[in-house]
Amino acid sequence: MRINTTETGVRFTVRVQPRASRSEIAGAHGEAVRIRVTAAPVDGDANQELVGFLAKRFRVPKSNVHIVKGERGRDKVVEIEGVSEDGARRLLDVVR
């Protein structure tokens, strides 16, 4: 998995699996992190749940989590402000 450092935080690729039984990090998917969310991909519900899940996981406000690419697909690029690369690797440690 590749985590890129930005001026304000980190950026990485996510593969979202909607309509899961629970929201969780489910491992790697190539260079991306596979994240399962319970919401359906309707009216942006899965995106909102992804943002909330990542905000809680990284202990940052939802306003610090941005989907910068792929809002309408399963593959997304996510940027999280206020997190270091080392911190992101620790919190995504399940993905190896």
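**Figure 1. Burial and overall dimensions of the protein.** Of the 96 residues in the protein, 41% are buried. The model shown here and in the views that follow is predicted. Along its principal axes the C-alpha trace spans about 30 × 25 × 20 Å. The radius of gyration is 12 Å, which agrees with the value near 12 Å that a compact globule of 96 residues would have.

**Figure 2. Order of the secondary structure elements and range of the contacts.** Two helices and six strands make up the secondary structure of the protein, and read from the N terminus they follow one another as β-β-β-β-α-β-β-α. When contacts between residues at least 6 apart in sequence are considered, 45% of them join residues that are at least 24 apart.

**Figure 3. Surface and charged side chains.** The accessible surface of the protein amounts to about 5,700 Å², and 42% of this surface belongs to carbon and sulfur atoms. The protein carries 18 positive and 13 negative side chains, with a separation of 5 Å between the centres of the two sets.

**Figure 4. Close-up of Glu 79 in strand β6.** Glu 79 is part of strand β6, which covers residues 75-81. With a relative accessible area of 11%, Glu 79 counts as buried, because this value falls under the 20% cut-off. The side chain of Glu 79 forms a polar contact of 2.4 Å with the side chain of Arg 11. Arg 11 also appears among the residues in contact with Glu 79 once neighbours within four places in sequence are left aside, and the others in that list are Thr 6, Thr 8, Val 10, Asn 64, Val 65, His 66 and Val 68.

**Figure 5. Close-up of Ile 80 and its surroundings.** Ile 80 likewise has its place in strand β6, and its relative accessible area of 0% makes it a buried residue. Not counting residues up to four places away in sequence, Ile 80 touches Thr 8, Gly 9, Val 10, Phe 12, Leu 54, Phe 58, Val 60, Asn 64 and Val 65. For one of these residues, Asn 64, the C-alpha atom is separated from that of Ile 80 by 5.6 Å, although the two residues are 16 apart along the chain.

**Figure 6. Residues that meet both Glu 79 and Ile 80.** Thr 8, Val 10, Asn 64 and Val 65 are among the residues in contact with Glu 79, and these four residues are also among those touched by Ile 80. Arg 11 and His 66 are included in the contacts of Glu 79, whereas Phe 12 and Phe 58 are included in those of Ile 80.

How values were computed:
Residues numbered from 1 in each chain as written. Predicted model: local features only at pLDDT ≥ 70, side-chain atom pairs only at ≥ 80, totals over all residues. Heavy atoms only, no water. Helix = DSSP H or I, 4+ residues; strand = E, 2+ residues; numbered from the N terminus. Rg over C-alpha atoms; globule rule 2.2 N^0.38 Å. Buried < 20%, exposed > 50% of the residue type's maximum accessible area, 1.4 Å probe, protein only. Contact = heavy atoms within 4.5 Å. Areas by Shrake-Rupley, 256 points an atom, 1.4 Å probe, with all protein chains shown as cover. Lys, Arg positive; Asp, Glu negative; His and termini not counted. Charge placed at Lys NZ, Arg CZ, Asp CG, Glu CD. Polar contact = N/O pair within 3.5 Å; in protein donor to acceptor, adjacent residues only side chain to side chain.
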